[in-house]
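Here are a few short exercises to work through with the model open beside you. Try each task before you read its solution.

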Amino acid sequence: MKAILVDKEKNLVWSEVNDPTVASDEVLVKIEAAALNRADLLQRHGKYPSPKGCPEWMGLEIAGEIIEMGCEAQTSSNWKKGDKVCALLGGGGYAQYVSVKYDMLMPVPKGLTVIEAAALPEAYATSYLNLFIEGHLEAGDTAFIPAGASGLASVAIPMAKSFGARVITSVLSDEIAEKIKPLGADLIINSSRESVEDILRAEEERGTPVKVSMDCLCGETLGKSLPYMAEGGYWVVISTLAGTETNIQLRPLLTKGLHLVGSMLRKRTPQFKAALLATLVREVWPKIESGEIKPSIYKVLPIEKASEAHAILERGENIGKVVLTVD
């Protein structure tokens with residue numbers, strides 16, 4: 001089969017590799033679409049390698065068709081050959097085929113294409129994990145989800161809204177703010193001319209403090225904003241795109257009982273991930289099938305143009321997910 005490999009110059013090359021083997025508890029999926037994540041950019045440059053036992057090439061979320069099943073997968077699951085599925089992977093999605101443990105699969109939601117379904121597993125699992133499990137978000141709470149134009153925010157904002165939360169996000173320009181309005185955020189901060197911490201202070205003063213933040217940016221803004229959270233609030237750090245250091249005032253952390261949490265989906269155990277995916281199918285898939293939550297696709301490209309797709313993410317151009325199709 002073929003997969004995208006990274007050569008010595010960090011170029012992405014559609015290359016011949018060995019066909020995957022299928023263990024007893026696995027199924028073989030013929031990949032039809034694979035979605036991009038910022039983690040792919042890090043992995044391309046050697047900073048985020050695949051976990052042990054996973055293929056070396058990139059790709060954390062895919063959709064396609066089951067074409068082969070191991071014995072345990074047949075007896076211990078309800079999957080069958082021909083089922084259309086999407087899957088959360090440790091790696092290996094930029095390819096024609098992938099072997100997946102049967103409990104890492106989810107059905108393609110009714111009414112969605114495989115391209116839309118490929119954009120679900122990683123982004124939806126990450127959003128649900130950090131908003132509702134780590135962040136304990138509840139209806140009526142205010143959530144701060146910065147980087148509102150990112151592929152992840154395009155999922156997290158509508159998801160939080162669908163469960164009854166009020167959402168604040170941030171972007172770098174009024175033009176981007178206008179583009180993300182359909183996501184439904186209640187307040188969009190233009191951080192190029194507005195201070196995030198000043199806005200969050202004003203929110204606290206008007207009685208709507210942030211209870212949960214799912215933060216992929218961090219940097220100085222984290223420390224400056226933390227004091228204005230609600231009592232018992234959760235600031236969940238999922239990446240550090242705006243900087244790895246910040247100054248934190250410990251007094252508000254203590255007196256308000258705040259929680260500063262680091263969270264990485266990729267480091268979770270297979271058992272945890274399987275339970276998380278089952279929760280997604282139970283709690284979120286009905287909202288997708290009803291149209292209450294809609295996947296946001298920015299651009300679709302053939303997998304041979306993976307370099308072009310990566311460039312879109314590197315420029316920060318996309319609002320929504322970029323997806324590669326596989327023939």
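**Exercise 1. Describe the surroundings of S225.**

Keep in mind that this is a predicted model. Start with the contacts of S225: leaving aside residues up to four places away in sequence, S225 touches V196, E197, L200 and W235. Next, place the residue in its secondary structure: S225 belongs to helix α8, which covers residues 220-225. Then check the accessibility: the relative accessible area of S225 is 1%, and since the cut-off for buried is under 20%, S225 counts as buried. Finally, look for a polar partner: a polar atom of the S225 side chain lies 2.8 Å from the backbone oxygen of T221.

**Exercise 2. Work out how strands β1 and β2 are joined.**

Begin with the direction: β1 (residues 2-6) and β2 (residues 12-16) run antiparallel, and 5 bridges join them. Now pick out a facing pair: I4 stands opposite W14 in β2. Last, turn to the hairpin connection: there are 5 residues between the strands, and K10 takes a positive phi near 70°.

**Exercise 3. Classify the ring pairs around F163 and say what they tie together.**

First, the total: the model has 4 aromatic pairs. One of them is Y128 with F163, at 6.4 Å centre to centre with 70° between the planes. Planes over 60 degrees apart count as edge-to-face, and that is the class of this pair. Y128 lies in helix α4 (residues 121-133) and F163 in the loop between α5 (153-162) and β9 (166-171), so the pair ties together parts 35 residues apart in sequence.

Next comes accessibility: Y128 is buried at 11% relative accessible area, whereas F163 is partly exposed at 22%.

Now take the pair of F132 and F163: the centres are 4.8 Å apart, the planes make an angle of 55°, and the pair is tilted. F132 also comes from helix α4 while F163 sits in the loop between α5 and β9, so this pair ties together parts 31 residues apart in sequence. F132 is buried, with a relative accessible area of 15%.

Putting the steps together, ring pairs link Y128, F132 and F163 into a cluster.

**Exercise 4. Find which rings have the charged ends of K101 and R268 over them.**

Take K101 to begin with: its charged end sits over the ring of Y102, at 5.1 Å from the ring centre. Then turn to R268: its charged end sits over the ring of F272, 5.0 Å from the centre of that ring.

Terms used
Residues numbered from 1 in each chain as written. Predicted model: local features only at pLDDT ≥ 70, side-chain atom pairs only at ≥ 80, totals over all residues. Heavy atoms only, no water. Helix = DSSP H or I, 4+ residues; strand = E, 2+ residues; numbered from the N terminus. Buried < 20%, exposed > 50% of the residue type's maximum accessible area, 1.4 Å probe, protein only. Polar contact = N/O pair within 3.5 Å; in protein donor to acceptor, adjacent residues only side chain to side chain. Contact = heavy atoms within 4.5 Å. Pairing = 2+ DSSP bridges. Phe/Tyr/Trp six-rings, centres within 6.5 Å; stacked < 30°, edge-to-face > 60°. Lys NZ or Arg CZ within 6 Å of the ring centre and 35° of its normal.
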